[in-house]
Amino acid sequence: MTTAAKAQTLIGLYEAPEILRVVNVWDVVSARAVAKLPETKAIATAGHGIAASFGFEDGTITRDIMIDMVGRIAASVSVPVTADLDDGYDDAGETTRLAIGAGVVGANVEDRLKPFDESVAVVEAIVKAAEAEGVPFALNARTDAFVRAGHRPVAESIADAIQRGRAFLDAGATAVFVPGMLDANITRQLVEGLGEGKLSVIGLPGTLAASEYEKLGVARISYGPLPQRVALTAVQELAASLYAGGVIPNGLPALN
């Protein structure tokens, strides 16, 4: 399948009535493990997870390392790959071109609550770059209206997310990613403001299940760094067991 065809497939997954569930991965082996499941329709990378695996704090990994890793992931699986590209690395258009060249067909790019016009310009640059490459790039434009909200009232964060999100959609984004603890009431307001099938959320402890978000009209759910934390917890617990005299359990599948 060509890059453009994979991109169109990913767009179709966003537009389908069923919520797009993507389990975030951070390297080739985690991508292959998830891709082996028949339920996997697309792969999403976790920027936080990739950064952590290279010893960087979230949001500080270099573009070259990130593009190299997401390209390796894209080359290792047959399903479409959408990547977390942080804030676009000061040149979102060029970052998009490099990502497409590496086989990536969609991305999250965050606004970090930068000035409104500046944030919209980033989305426009991504869409323009993808069009120049001839790829219907699935941009999941992220606004940090909740995660960087500080102590402002929730109503202000909802209004900000809708204002930014509508502008991102008008500029050509496929969906609007609003990470945060979104309950049913907040989600309904965001869906009403952005439109059905346009909101993307993150699954966190204490948030709604994917099926509940689906009923509310959400397009996509991802899980950020949480899958990596689950995996690392399993490794740490195994190490503690082995130090205490345990043994490797039987029946382990050869996933690596």
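Colleague: Why is D86 called buried or exposed?
Modeller: Its relative accessible area is 2%. Buried means under 20%, exposed over 50%, partly exposed in between, with a 1.4 Å probe and protein chains only. So D86 is buried. This is a predicted model, where local features need pLDDT of at least 70, side-chain atom pairs count only at pLDDT 80 or more, and totals for chains, interfaces and linings use all residues. Residues are numbered from 1 along each chain as its sequence is written, and side-chain values use heavy atoms, with hydrogens and water left out.

Colleague: What makes the phi of D86 worth a note?
Modeller: Phi is positive, about 50 degrees, and D86 is not a glycine.

Colleague: Why is L113 called buried, partly exposed or exposed?
Modeller: L113 has a relative accessible area of 24%, so it counts as partly exposed. Phi of L113 is near 55 degrees, also a positive value in a residue other than glycine.

Colleague: How do you know which classes line the largest pocket?
Modeller: Ala, Val, Leu, Ile, Met, Phe, Trp, Tyr, Cys and Pro count as nonpolar, Asp, Glu, Lys and Arg as charged, and the others, Gly among them, as polar. On that basis the lining of the largest pocket has 17 nonpolar, 4 polar and no charged residues.

Colleague: What does the lining of the second largest pocket hold, by class?
Modeller: There the lining has 7 nonpolar, 8 polar and 6 charged residues.
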